[in-house]
Amino acid sequence: MRCEGCQANLEQYGVRDKWRCPTCASVVIASGELETELGDLGIGLSDHLDTVRLAATARACPTCDAGMNQLNIDGVVIERCPNDHTLWFDAGELGKIRAALSADSDSVLVRLWDRWLHDKP
C-alpha cells in the first residue's frame, strides 16, 4: 500500500490493520481498528455516516481506491472511505484527537465530534 500524499510505501503496525507513512507520518486505520485506537469515538467513526453531508476529497482510499470524504471537526481534517470506512490521518491528527479524548471529555473537539457523528444538539 502506498501513501496517497508522498507515494512512499506504508509500513504496517505488526499484524494490525494500521499503517504509517515513514516519510510524511500519515496514518491509515481500517475501521476494525478504530475502537482500539479511539474507544467509543472509534466505534462511531466505523459506523455508517450519511456521506451526503461530507465534502469530497481528491484522496483515494488506499485499500479500495474509492474517493474519500473529508471530515473537518474543529480544525482537525481527516478523510474517511465511504465504502470500507478506512480513515486517513495526516501527521499529528490522530494525536490531536487522542489528546482531546484523554484530556477532557467536555473539550470542544470531543463535543463537536460527538454531535457530528450522532446528530446530537
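How many disulfides does the count come to in this chain? The count comes to zero. The structure is a predicted model, and the cysteines make a good place to begin reading it.

## The cysteines

A disulfide is a covalent bond between the sulfur atoms of two cysteines. The cut-off used here puts the two sulfur atoms within 2.5 Å of each other. The sulfur of Cys 6 has its closest cysteine sulfur in Cys 21, and because 3.3 Å lies between them, the pair is too far apart for a bond. Cys 24 also has its closest cysteine sulfur in Cys 21, at 3.6 Å, which is again too far for a bond. The relative accessible area of Cys 6 is 33%, so this residue counts as partly exposed. Cys 24 is partly exposed too, with 29%.

## The chain as a whole

With the cysteines settled, here is the wider layout. The chain holds four helices and seven strands. Starting at the N terminus, the order of elements is β-β-β-α-α-β-β-β-β-α-α. Out of 121 residues, 40% count as buried. Among the contacts with a separation of 6 or more, 39% join residues 24 or more positions apart.

## Before strand 1

The segment ahead of strand 1 (11-12) contains Ala 8, and Gln 7 is found in that segment as well. Is Ala 8 buried or exposed? Ala 8 is buried, because its relative accessible area is 15%. Leaving out residues up to four places away in sequence, Ala 8 touches Met 1, Arg 2, Cys 3, Cys 21 and Thr 23. Cys 21, met above as the closest cysteine partner of Cys 6, is thus one of the residues that Ala 8 touches. Ala 8 and Arg 20 are twelve residues apart along the chain, and their C-alpha atoms are separated by 9.9 Å.

Gln 7 has a backbone feature you may want to look at: its phi is near 70 degrees, a positive value in a residue other than glycine. Gln 7 is partly exposed, with a relative accessible area of 41%.

## Strand 6 and its hairpin

Strand 6 is mostly covered, with five of its five residues buried. Val 76, Ile 78 and Arg 80 point one way from the strand, while Val 77 and Glu 79 point the other way. Strand 6 runs antiparallel to strand 7 (residues 87-89), and two bridges join them. Opposite Arg 80 stands Leu 87 in strand 7.

The two strands form a hairpin with six residues between them. His 85 is found in that loop, and its phi is near 65 degrees, a positive value in a residue other than glycine. His 85 counts as buried because its relative accessible area is 14%.

## Two buried glutamates

Which side chain makes a polar contact with the side chain of Glu 79? The partner is the side chain of Arg 59. Glu 79 lies in strand 6 (residues 76-80). Not counting residues up to four places away in sequence, Glu 79 touches Thr 57, Arg 59, Met 68, Asn 69, Gln 70, Thr 86, Leu 87 and Trp 88. Leu 87, the residue opposite Arg 80, therefore also appears among the contacts of Glu 79.

Glu 33 sits elsewhere, in the loop between strand 3 (27-29) and helix 1 (34-38). Its side chain makes a polar contact with the side chain of Arg 16. Setting aside neighbours within four places in sequence, Glu 33 is in contact with Arg 16 and Asp 17.

The table sets out the values for these two residues.

| Residue | Relative accessibility | Side-chain polar contact |
|---|---|---|
| Glu 79 | 5%, buried | Arg 59, 2.8 Å |
| Glu 33 | 13%, buried | Arg 16, 2.7 Å |

## Rings

What does a search of the whole structure find in the way of aromatic pairs? The search finds zero. The ring of Tyr 13 does have a charged group over it, though: the charged end of Lys 18 sits 4.3 Å from the ring centre.

Key:
Residues numbered from 1 in each chain as written. Predicted model: local features only at pLDDT ≥ 70, side-chain atom pairs only at ≥ 80, totals over all residues. Heavy atoms only, no water. Buried < 20%, exposed > 50% of the residue type's maximum accessible area, 1.4 Å probe, protein only. Polar contact = N/O pair within 3.5 Å; in protein donor to acceptor, adjacent residues only side chain to side chain. Contact = heavy atoms within 4.5 Å. Pairing = 2+ DSSP bridges. Phe/Tyr/Trp six-rings, centres within 6.5 Å; stacked < 30°, edge-to-face > 60°. Lys NZ or Arg CZ within 6 Å of the ring centre and 35° of its normal.
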